[in-house]
Amino acid sequence: MSARSFVTSPAAALAARRGRGDERPPGEPRRIGYLYLLPALLVFGAFVLAPLVHAFWLSLFDWDGITAGHWVGLHNYQDVLSDQALRTAFGHALILLIFYAGLPVAIGLMLAGVIARVQVRGLPLFRVVLFLPQVVAMVVVAVMWRMIYDPGNGPINTALRGVGLDGLAKSWLGDFGVALPAVGLIGTWVMYGLAMVLLTAGVQKIPPSLYDAARVDGAGAVREFLAVTLPALRGEIAVALTLTTIAALRNFDLVYITTKGGPGDATSVPAFQVYQRAFETGKVGSAAAIGIVLAALIFTITVAINRVAERGTGARR
Amino acid sequence: MTSRREQSVAYAILGVFSLLAILPILGIVVTAMQQPGGLAGFGSFDGFHVDNFRRAWEQGNFGSYLKSSGIVSVSVVAISTVLSILAGYAFGLMRFRGSEILFYIFLLGLMVPMEAMIVPLYYDLRDLRLTDTYWALILPQAGTSIAFGTFWMRAFFRTVPRSLVEAARIDGASSWLVLWRVLMPLARPAVLTMMVLLFMWTWNEFLLALVMVTDEGLRTAPLGLSFFQGRNQADLTLLAAGACIVALPVVVLYVFLQRHFIRGMLSGAVKG
């Protein structure tokens, strides 16, 4: 039995919780279930739920981590909207969404559109290679790309100088104008393989009869893509967008290693602000609030994406 | 448009993006084998100096970092796997009051990123005098891993034919025996996929280690690499060799079990 056949994404499960009558466990009533659940619940409760509640509690205080904190209510949350540094960080997160989620899904769709119309051999091999960036630790990826972007002897600048474009060579991660896109492109590099593999797997499940029908109707490549491929890939697009969006919002390792939020605050992102405020500048309450906002954002976006995808497959219910 | 032309387009896209994916990785492997001493840049080439890996292992202390990562990863995977199987079994095949709401709490926890929990975790574990121990790395990671594992195993147990469980029960098998004797042989592929994902996530985790550990002897591989980068700016070769060492265990596992990796991640696996 393949693992593939039984799991849908957690977000999809959450989004789909209404309107499914068959969501009841098949077993008979059994008290012993609590016993099986208990160990997991204890660890999960102590190290996920309790910290989450505690984070919310901390977020209501102005606390430097050492002296007594004082109650500020929801002020730390207002700061997310009004504090310039935080607005900048969340703004950057939005821009990174284009690089982490937008570009990879677009690349994946482009490939899916072509593959829908032809037979391609060797796909499993391509898949293994395309997926490789996903399994390399983000810290390693960051160290690697710092070398690639190196202003002195990095291959990008070396190549530019080699063809006489010295003017274009720059300090990619140290330049106010290009540092954020430079970091974003690393995210694109990590995520596009996942999107491609996901979407090509989806395309291969589309019944060929749909394409035959479209061709009988005289649809061209573009019409076929819009009328058949795109709607059929709704579920896969939702999963791809969910995974890439979460990666974009959680982006800490990459920023910490490549730029530490700099130059200035050019690559500052919320996850980095959490770390900096909690452990470097003594704004623990604010850090906790940003963490909670991030969690809420991730939750809302995943559920929203999957609700939209669900609606599209309404016929199946 | 002929289908032959479209086929070439498909191969071109696949080829270009596969190259883009693998070139940086090959680049860092080659860089790791260049003449040490500060002249090498990423992608430069002057032969193969494999000795760099040994020097990174010893001078860069990567042997110690790998040991820490190994201890943490194996512990997290072992604890989470067992507890997730038990909890997934309860959610998937038993009915008890509150099971629905409890399951949604797990599901919610699954989407909470480490960034949201790290601040209180640090202060809580410090108060318990657990920072700067392996426990500070193992327990929180096990918590998030169990959220994922429980979800994963529940999904598997729901696909098990009820008749199988019922037949075993009629034969008088206890729920414990049903789980380990009847269901586990079937669950092996699903469990392996889960373990592979949990191992990768734990091995690659950075923020938790950065916050919880100051003792050099406890540093995990990604954390050790980030410190190594900080104090070794001049010589790229050792840094590249260190990066390769850090990535290697998961990459090797990926080469052998790539189906499990891809299958697992394609199913939309997310973990906080």
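Trainee: Before we start, what makes a residue partly exposed rather than buried or exposed?
Mentor: Count the other C-beta atoms within 10 Å of its own: 20 or more is buried, 12 or fewer is exposed, and in between is partly exposed. Keep in mind that this is a predicted model.

Trainee: OK, try it on B:Asn61. How does B:Asn61 count?
Mentor: B:Asn61 has 17 C-beta neighbours inside 10 Å, so it counts as partly exposed.

Trainee: Where is the place of B:Asn61?
Mentor: In the loop between α2 (51-58) and α3 (62-93) of chain B. Its backbone stands out too: B:Asn61 is not a glycine, yet phi is positive, at about 70°.

Trainee: Which residue of chain A has a positive phi without being glycine?
Mentor: A:Lys260, with phi near 50°. A:Lys260 sits in the loop between α12 and α13 of chain A. It has 13 C-beta neighbours inside 10 Å, so A:Lys260 counts as partly exposed.

Trainee: What joins A:Gly262 and A:Pro263?
Mentor: A cis peptide bond, with omega about -5°. A:Pro263 lies in the loop between α12 (253-258) and α13 (270-279) of chain A.

Trainee: Let's zoom out. How many helices and strands does chain A have?
Mentor: There are 14 helices and two strands in chain A. Chain A has 317 residues, and 50% of them count as buried.

Trainee: And how many residues of each chain are in contact with the other?
Mentor: 100 residues of chain A touch 96 residues of chain B. On the chain A side, helix α2 (residues 32-58) gives the most, with 18 residues. That side of chain A divides into 77 nonpolar, 14 polar and nine charged residues.

Trainee: New topic: α6(B). How far does α6(B) reach?
Mentor: Helix α6 of chain B covers residues 134-157 and reaches 32 Å from its first C-alpha to its last. The expected value is 34 Å, so they are close.

Trainee: Why is α6(B) called largely enclosed?
Mentor: Because 22 of its 24 residues are buried, the rest of the structure largely encloses α6(B).

Trainee: How do the axes of α6(B) and α8(B) cross?
Mentor: At roughly 155°, and the axes come within 10 Å; helix α8 of chain B is residues 175-204. That crossing makes α6(B) roughly antiparallel to α8(B). The crossing is right-handed.

Trainee: Which residues make the contact?
Mentor: From α6(B), they include B:Gln141, B:Gly149 and B:Trp152. From α8(B), B:Ala187, B:Met194 and B:Leu198 are among them. The residues of this contact divide into six nonpolar, four polar and no charged.

Terms used. Residues are numbered from 1 along each chain as its sequence is written. Chains are lettered from A and ligands numbered from 1 in the order in which they are written. This is a predicted model: local features need pLDDT of at least 70, side-chain atom pairs count only at pLDDT 80 or more; totals for chains, interfaces and linings use all residues. Helices (H or I, at least four residues) and strands (E, at least two) are DSSP runs, numbered from the N terminus. The expected span of a helix is 1.5 Å times one less than its number of residues. Axes are lines fitted to C-alpha atoms, for helices over the stretch in contact, and angles run from 0 to 180 degrees between N-to-C directions. Angles under 35 degrees count as roughly parallel, over 145 as roughly antiparallel, 65 to 115 as roughly perpendicular and the rest as oblique. A crossing is left-handed if the near helix is turned anticlockwise from the far one by less than a right angle, and right-handed if clockwise. Two residues are in contact if their C-beta atoms, placed from the backbone, lie within 7 Å. Ala, Val, Leu, Ile, Met, Phe, Trp, Tyr, Cys and Pro count as nonpolar, Asp, Glu, Lys and Arg as charged, and the others, Gly among them, as polar.
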